[in-house]
Amino acid sequence: MMGFTLGRYFLSRYLSITFWMFLGIFALVFIVTFTEFSSRTSGLANYNVQDALTVSILRVPMIMLQTVPFVGLFSAMGTLVSLNRKYELVVARAAGISAWQFLLPICLGALLFGIASVGILNPIAASGFARAEAIEVELRSGVASPGNNVIPWIRQTTSEGDTIVGAQATLDEGLTLVNASFFQFADNGDLTRRIDAERAYLRDGYWELQGIRQQRGATEIVENGFQIKTNLRPEFVQERLAQPETIPFYELPGKIEIARSFGLQANAFAMQFHSLVAQPMLLVAMTLIAATVSMRFVRMGQSAVMILGGIVAGFLLYVISVLVQAFGTAGFVPPAIAAWVPVAIAMFFGVTFLLHKEDG
């Protein structure tokens, strides 16, 4: 059996490599984000370098969440390759330690890294991204973001008739609309009024509009405040408009329960929740994939093609996970199944390959 000291050494090597790799990717993502944001907003009157730096640093954690599976894969590959190049795995094997034993500390490190990314990085990323969106909206001061057409339209029916609601951006998990437009229709389907508002806040039973312009035929009326009745519940608006990635992990179960109590499916929130729950095991699966191409790098004379094969396998696993999650979000597959099936397939693949190579 492998001793505690050797297991702790393997674990510390993995965590050290993971930390430095995460830090390096963090710095690279920050530079790219700052450059991209500055190129988009440098022409605005309110632009300044301090706000650009703030927005960039607040957005980086959200982007890093997407890179966590790849950080886990590259860290496991780097750890195993470095141990092999120093013949430490060769000595461990000669001492009677099996591959499963020295892989255990590395898998434990991947599991801890996944738990930290969900429990610590995710809440930081969610709150930081929301704050970054608010700062960018203030910088633009009503100027539309180019290419931002991902906000869906909402239809409501009240005593005032049918109203179609849209916006260029959302804040506060969808409860605040930026540069919103309201199109009101008569019972016969004719457009009766268009209202454009700089901000629209969802209150209890009405929309509170600020900085509005009303269009009735050829007449335009400018006002400072206005209210429009609504029967939309905040839970419905959040389910339609809020990005699940911007909601902290600890708040997702409550959001799902409230939305379902109003008869909403909340598939997007459920998919995000189950994906985060499955992420630590996804990193363990990535570690097993890394082990299939890295453990015998020196002893068996493996070429860089094998390492590239491991990277491609990890990338395919990530793509399949994203694809299945899209089906789960759309409601074609239960979210729990969509989150765990790719992880289970990758685990079975890694374990089967290692059993074949190590135990015949």
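Here is a short chat about a predicted model, mostly on its helix packing and ring pairs.

Colleague: Let's start broad: how many helices and strands does the chain have?
Modeller: Keep in mind that this is a predicted model. Buried residues account for 46% of the 360 residues in the chain. As for secondary structure, the count is 9 helices and 7 strands.

Colleague: What share of the contacts with a separation of 6 or more comes from residues 24 or more positions apart?
Modeller: Here we set the contacts in the chain with a separation of 6 or more as the whole. Of those, the part from residues 24 or more positions apart is 65%.

Colleague: Are helix 1 and helix 4 roughly parallel or roughly antiparallel?
Modeller: Helix 1 covers residues 4–41 and helix 4 covers residues 99–140, and they pack with axes 11 Å apart at an angle of about 20°. Angles under 35 degrees count as roughly parallel. That makes the arrangement of helix 1 and helix 4 roughly parallel.

Colleague: And how do the residues of that helix 1 and helix 4 contact divide into nonpolar, polar and charged?
Modeller: Helix 1 passes helix 4 in a right-handed crossing. On the helix 1 side the contact residues include Phe10, Tyr14 and Phe22, while helix 4 brings in Phe102, Ile106 and Phe113, among others. The split is 14 nonpolar, 4 polar and 3 charged.

Colleague: What about helix 1 with helix 2: which hand does the crossing have?
Modeller: Helix 2 spans residues 49–85, and its axis is 5 Å from that of helix 1, at an angle of about 145°. The crossing of helix 1 and helix 2 is right-handed.

Colleague: Are helix 2 and helix 4 roughly parallel or roughly antiparallel?
Modeller: Their axes are 7 Å apart and the angle is about 165°. The crossing is left-handed, and the contact residues divide into 20 nonpolar, 6 polar and 5 charged. Angles over 145 degrees count as roughly antiparallel. Helix 2 and helix 4 are therefore roughly antiparallel.

Colleague: On to the rings: is the pair of Tyr9 and Phe10 stacked, edge-to-face or tilted?
Modeller: The structure has 13 aromatic pairs. For Tyr9 and Phe10, the ring centres are 5.9 Å apart and the planes meet at 45°. Stacked needs planes under 30 degrees apart and edge-to-face needs over 60, so the pair of Tyr9 and Phe10 is tilted.

Colleague: Which cluster do ring pairs make with Tyr9 in it?
Modeller: Tyr9 is partly exposed at 30% relative accessible area, whereas Phe10 is buried at 1%. Ring pairs link a cluster made of Tyr9, Phe10 and Phe102.

Colleague: Is Trp20 buried or exposed?
Modeller: Trp20 forms an edge-to-face pair with Phe19, at 5.2 Å centre to centre and 75° between the planes. Phe19 has a relative accessible area of 47%, which is partly exposed. Trp20 has 55%, and over 50% counts as exposed, so Trp20 is exposed.

Colleague: Last one: how far apart are the C-alpha atoms of Leu171 and Leu241?
Modeller: Leu171 sits in strand 3, residues 169–171, and is buried at 10% relative accessibility. Beyond its neighbours within four places in sequence, Leu171 contacts Glu133, Ala134, Val137, Thr176, Val178 and Arg199. Leu171 and Leu241 are 70 residues apart along the chain, and their C-alpha atoms are separated by 9.4 Å.

Note on methods:
Residues numbered from 1 in each chain as written. Predicted model: local features only at pLDDT ≥ 70, side-chain atom pairs only at ≥ 80, totals over all residues. Heavy atoms only, no water. Axes fitted to C-alpha atoms, helices over the stretch in contact; angles between N-to-C directions. Helix = DSSP H or I, 4+ residues; strand = E, 2+ residues; numbered from the N terminus. Parallel < 35°, antiparallel > 145°, perpendicular 65-115°, else oblique. Left-handed = near helix turned anticlockwise from the far one by under 90°. Contact = heavy atoms within 4.5 Å. Nonpolar A, V, L, I, M, F, W, Y, C, P; charged D, E, K, R; others polar. Phe/Tyr/Trp six-rings, centres within 6.5 Å; stacked < 30°, edge-to-face > 60°. Buried < 20%, exposed > 50% of the residue type's maximum accessible area, 1.4 Å probe, protein only.
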